[in-house]
Amino acid sequence: MEASMQIIINDTDLIKLKPATRQDLLSTLFSTSAAATQPQNADGFEFEEVVDLTPEQVAEFMQGCSPQTVAGLQVIAEHGPVIAANLLNEAGIENYGHFQGRVTKRTRTITGDKHAFLFTWDDWTTGENAERGYGHYAVTETTFRSLRKHFELD
């Protein structure tokens, strides 16, 4: 008789895993390619106007940010590319809309694109997100790697 094991992991636990671990787990469980586990393919996220920032752009971005915004971006670098918004509390950020606005304004300044966003978000008004009172933010894989490089995490 073959023994079996069941593991229960919710989305909040899943996004806390290191990106490589999350990709390995999802690939093993669902036999998907690595590309299918990237945030660009995640349900609930629109990446149409979300930009890819290079390491040089991230460095320039950080020069014009408050220490709290930098700390919030470090949380994304540590836990991303998709995070539960409440992880920003680690950086002292509780007003997610204010953080989102500051980051968006700086992104548009750096890129020169008045429609650019650094990250996207899912629907915070339905399902578990509505029950919790927050949802998720996601950056592109390119921006995620640039953030990790900036904070010397890779």
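Which residues does Leu-88 touch, leaving aside those up to four places away in sequence? In this predicted model, the list runs to Gly-72, Val-75, Ile-83, Ile-93, Tyr-96, Phe-99 and Tyr-137. Leu-88 also turns up in the largest nonpolar core, a group of 30 residues. Along with Phe-61, Leu-73, Phe-119 and Leu-147, Leu-88 touches the most other members of that core. Several elements chip in here: α3 (55–63), α4, β1, α5 (96–111) and α7 each supply at least two residues. There is also a second, separate core of five residues, and among its members are Phe-45, Val-50, Val-82 and Ala-138. As a bit of background, nonpolar side chains in soluble globular proteins tend to be buried together.

Two of the helices that feed the big core also pack against each other. Helix α4 (residues 67–79) and α7 have axes 9 Å apart and cross at an angle of about 110°. Angles of 65 to 115 degrees count as roughly perpendicular, so that is the label α4 and α7 get. On the α4 side, the contact involves Leu-73, Ile-76, Ala-77 and Glu-78, and these meet Phe-144, Leu-147 and Arg-148 of α7. Sorted by type, the residues of this contact come out as five nonpolar, two charged and no polar.

Now for α7 itself, which covers residues 141–150. Its buried residues are Glu-141, Thr-143, Phe-144, Ser-146, Leu-147 and Arg-148. Take Ser-146 as an example: its relative accessibility is 4%, and buried means under 20%, so Ser-146 makes the cut. Not counting residues up to four places away in sequence, Ser-146 touches Leu-53, Thr-54, Pro-55 and Val-58. Just after α7, Glu-152 takes a positive phi of about 55°.

The strands tell their own story. Three of them form an open sheet in the order β1-β3-β2, with antiparallel pairing. The strands at the edges are β1 (82–84) and β2 (120–121); each has a single partner strand, so one side of each is left without a neighbour in the sheet. In general, strands of a sheet pair through backbone hydrogen bonds, either parallel or antiparallel. Here, β2 and strand β3 (residues 136–138) run antiparallel and are joined by two bridges. In one of these pairings, Trp-121 has Tyr-137 of β3 as its bridge partner. Tyr-137 is a familiar name by now, being one of the residues that Leu-88 touches.

Terms used. Residues numbered from 1 in each chain as written. Predicted model: local features only at pLDDT ≥ 70, side-chain atom pairs only at ≥ 80, totals over all residues. Heavy atoms only, no water. Buried < 20%, exposed > 50% of the residue type's maximum accessible area, 1.4 Å probe, protein only. Helix = DSSP H or I, 4+ residues; strand = E, 2+ residues; numbered from the N terminus. Pairing = 2+ DSSP bridges. Axes fitted to C-alpha atoms, helices over the stretch in contact; angles between N-to-C directions. Parallel < 35°, antiparallel > 145°, perpendicular 65-115°, else oblique. Contact = heavy atoms within 4.5 Å. Nonpolar A, V, L, I, M, F, W, Y, C, P; charged D, E, K, R; others polar. Core = buried A, V, L, I, M, F, W, Y, C linked by side-chain atoms within 4.5 Å.
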